[in-house]
Amino acid sequence: MSITFRRDLAELNAEFIGLAAEGLELGLAAPVQQRIAALDPPGRRVLAAVPFALFGLGFEEEGAWTTLLSPCVRDLEPGYIATRAPAERFALLALSTLRTCVRMASRSTSSWIGLPPATRRRLAALEIGLLPPVAACAAPRLRARRVLHETTWARLVDAVADGDERQLVILAALGRQWSIRRSLGIKPATAGAHAFRR
């Protein structure tokens with residue numbers, strides 16, 4: 001992953017962490033979300049720097065994204081008012097960044113967000129003017145990454161809070177591996193009770 005892509009990913013992760021800290025419903029367990037909110041700015045930067053996306057827009061559901069990126073759902077009804085404005089803003093930032101990154105380095109981008117090939121191609125072909133309505137439709141899908149189970153999220157945040165670099169390296173490697181597997185269409189292994197032992 002290039003330095004530019006790493007910076008873009010870290011910035012998106014930081015934005016997502018900010019939404020979580022503000023209490024936006026993102027599919028995180030309440031204790032985990034509270035721990036994220038309690039992180040100091042340096043801790044948030046460390047968490048944001050993991051080499052994979054902490055957020056997801058349901059890209060693994062290719063059927064839904066086929067519909068989202070099709071002409072029939074791109075036009076919002078007149079008088080549309082955002083009901084989840086922070087999520088819509090984030091979805092627009094994420095999709096704009098992903099679209100650019102996919103066009104420049106398709107496989108590298110997929111390795112940190114887990115974009116399946118068909119969705120990757122459709123997103124790369126999306127006209128820039130259609131990004132806002134697609135982001136508005138995608139915003140309700142914004143969630144913490146599903147491959148990171150509650151226990152994994154808790155251990156990740158604890159590792160950051162405790163300055164446990166060894167645990168962070170292990171979790172970062174596993175998160176990246178899950179993203180790569182997802183981008184290849186391979187279902188990630190479930191993090192069992194024996195995973196992530198110190």
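**Close-up views of salt bridges and a helix pair**

**View 1. R35 and D158 pair in a salt bridge.** The side chains of R35 and D158 meet with N and O 3.0 Å apart. This is a predicted model. The pair links distant parts of the chain. R35 sits in helix 2 (residues 30-38), while D158 sits in helix 9 (residues 150-162). In sequence, R35 and D158 are 123 residues apart. How accessible is R35? Its relative accessibility is 34%, so R35 counts as partly exposed. D158 has a relative accessibility of 25%, so D158 counts as partly exposed too. Side chains of opposite charge can pair when their charged atoms come close.

**View 2. E61 and R141 form a salt bridge between two loops.** The closest N and O atoms of E61 and R141 are 2.6 Å apart. E61 lies in the loop between strand 1 (55-56) and helix 4 (62-68). R141 lies in the loop between helix 8 (131-138) and strand 2 (143-144). The two residues are 80 residues apart, and their pair links distant parts of the chain. E61 has 31% relative accessibility and counts as partly exposed.

**View 3. Helix 1 and helix 5 pack against each other.** Helix 1 covers residues 3-21, and helix 5 covers residues 85-104. Their axes are 11 Å apart. The packing angle is about 165 degrees. Angles over 145 degrees count as roughly antiparallel, so helix 1 and helix 5 are roughly antiparallel to each other. Their crossing is left-handed. Which residues of helix 1 make the contact? They are F5, D8, L12, E15, F16 and L19. Helix 5 contributes P86, R89, F90, L93, A94, T97, C101 and M104. Of the residues in this contact, 10 are nonpolar, one is polar and three are charged.

**View 4. R89 and E15 form a salt bridge between helix 5 and helix 1.** The closest N and O atoms of R89 and E15 are 3.0 Å apart. R89 belongs to helix 5 and E15 to helix 1. They are 74 residues apart, so this pair also links distant parts of the chain. Both R89 and E15 are among the residues that make the contact between the two helices. R89 is partly exposed, with a relative accessible area of 47%. E15 is partly exposed as well, at 33%. How many salt bridges does a search of the whole structure find? The search finds three.

How values were computed. Residues are numbered from 1 along each chain as its sequence is written. This is a predicted model: local features need pLDDT of at least 70, side-chain atom pairs count only at pLDDT 80 or more; totals for chains, interfaces and linings use all residues. Side-chain values use heavy atoms; hydrogens and water are left out. Axes are lines fitted to C-alpha atoms, for helices over the stretch in contact, and angles run from 0 to 180 degrees between N-to-C directions. Helices (H or I, at least four residues) and strands (E, at least two) are DSSP runs, numbered from the N terminus. Angles under 35 degrees count as roughly parallel, over 145 as roughly antiparallel, 65 to 115 as roughly perpendicular and the rest as oblique. A crossing is left-handed if the near helix is turned anticlockwise from the far one by less than a right angle, and right-handed if clockwise. Contact means heavy atoms within 4.5 Å. Ala, Val, Leu, Ile, Met, Phe, Trp, Tyr, Cys and Pro count as nonpolar, Asp, Glu, Lys and Arg as charged, and the others, Gly among them, as polar. A salt bridge is a side-chain nitrogen of Lys or Arg within 4 Å of a carboxyl oxygen of Asp or Glu. Buried means under 20% relative accessible area, exposed over 50%, partly exposed in between (1.4 Å probe, protein chains only).
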